[in-house]
Each structure stands twice: as structure tokens, then as C-alpha cells.
Amino acid sequence: MGFRHGVRNLTIQQQETIVIGRARGQTLFELEKQFNISESGISKFLKRWTDQGGVPKVPKSGSPRSTSRLFDRSILRLSRVNPSLTAVNIESEHCDPNPKPSVCTIRRRLQAAGLNGRLPDKKPIISTKNRKARVEWAKDTITGPRKSGKM
């Protein structure tokens with residue numbers, strides 16, 4: 001119907017606007033249309049707001065990110081351009097000294113993007129003779145053995 005499904009975090013400004021709008025007499029339906037949130041979502045938020053006495057000031061867990069999204073993208077770009085670069089190489093050669101992320105941070109960013117630091121094995125090139133033998137073996141396997149003139 002035009003509602004967002006799943007968890008959605010409201011900004012503090014949106015939360016305050018919802019509370020003020022409700023205090024002024026706006027219906028849940030009007031707030032629903034204004035913020036594109038279901039009526040039940042707005043009523044649950046308002047109930048939680050009154051139970052907790054406003055926005056709770058909860059300290060965030062963990063330290064802030066040491067790299068920006070732009071820096072993360074540059075790390076990924078470097079790794080995709082040259083897949084043989086390791087996290088140590090990226091950290092030593094391509095990172096500015098201010099603020100310089102650790103090797104573990106670079107490795108975590110690469111792993112989060114699905115680049116787990118493994119290179120594919122080197123495969124030998126198949127010679128023309130072996131390629132013809134493979135094709136003949138595949139045809140024999142599918143249709144049955146061929147009878148050659150030699151016997």
C-alpha cells in the first residue's frame with residue numbers, strides 16, 4: 001500500500017513532529033499519510049514515547065567508525081583493480097597518514113564486501129592435443145564408444 005516494511009528508525013525531528021501533531025489533534029490516519037508509516041507503527045511509537053518519557057538518551061555502544069564510506073569505496077576499488085594486493089599492502093602503500101586505519105580495519109572492510117583474501121588457483125592452459133582428446137572423450141561418453149578403423 002505504499003508503506004515501508006521492516007524496521008525503520010525515525011529521526012528525532014520526525015519523532016518530535018509526530019508528538020506535536022498528535023498533541024494538536026491530528027489523527028493517526030493524517031500522521032500515517034504525512035510520514036508514510038502505518039497507523040499501528042505510529043501508535044506503537046506514541047505509546048513507547050509516553051512510557052519512556054520522551055527520547056531516551058542511551059549511550060551508543062562501540063567506538064565510531066575510523067573510516068568513511070568514501071575511504072571504504074577506495075579500498076574496495078584498489079582491491080578489485082589489483083586482486084593480489086593484501087590488506088597490509090593497501091595499508092602501507094595507499095593510505096594517508098591522517099587518520100591511518102589499521103590492517104584489521106582494512107581486512108574487515110574487504111570481508112564485509114565479500115572479498116575474503118583468497119586468490120583462485122592457477123590452472124594450466126590446456127594444450128590443443130588435450131582439448132581434442134577431451135572433446136572426443138565427451139562425445140564417446142554421451143553417444144557411446146566409437147568404432148575406429150584400427151583393430
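Visitor: Leaving aside its neighbours within four places in sequence, which residues is Leu31 in contact with?

Guide: In this predicted model, Leu31 is in contact with Ile18, Arg22, Gln26, Asn36 and Ile42, once the neighbours within four places in sequence are left aside. The word contact is used because heavy atoms lie within 4.5 Å.

Visitor: What makes the set that holds Leu31 and Ile18 a nonpolar core?

Guide: A set earns that name because its nonpolar residues are buried and are joined through side-chain atoms within 4.5 Å. The largest nonpolar core has 9 residues, among them Leu31, Ile18, Ile42, Phe35 and Phe45, and the elements giving two or more residues to this core are helix H2 (28-35) and helix H3 (39-52). A second, separate core has 8 residues, including Ile75, Leu76, Val103 and Ile106. In soluble globular proteins, nonpolar side chains tend to be buried together.

Visitor: Why is Thr105 called buried?

Guide: Thr105 has a relative accessible area of 7%, and buried means under 20%, so the value meets the cut-off and Thr105 is called buried. Thr105 has its place in helix H6 and, not counting residues up to four places away in sequence, touches Ser66 and Thr67.

Visitor: Which element gives the largest share of the lining of the second largest pocket?

Guide: That share, 3 residues, comes from H6. The second largest pocket, with a volume of about 320 Å³, is lined by 15 residues, of which Pro83, Leu85, Asn116, Gly117 and Arg118 lie nearest its centre.

Visitor: How do the residues of this lining divide into nonpolar, polar and charged?

Guide: The lining of the second largest pocket has 6 nonpolar, 6 polar and 3 charged residues.

Technical notes
Residues numbered from 1 in each chain as written. Predicted model: local features only at pLDDT ≥ 70, side-chain atom pairs only at ≥ 80, totals over all residues. Heavy atoms only, no water. 1 Å grid on protein atoms, 1.4 Å probe; cavity = no way out; pocket = protein on both sides within 12 Å on 5 of 7 lines; lining within 4 Å. Points joined across faces, edges and corners; volume = space filled by probe spheres on them. Helix = DSSP H or I, 4+ residues; strand = E, 2+ residues; numbered from the N terminus. Nonpolar A, V, L, I, M, F, W, Y, C, P; charged D, E, K, R; others polar. Buried < 20%, exposed > 50% of the residue type's maximum accessible area, 1.4 Å probe, protein only.
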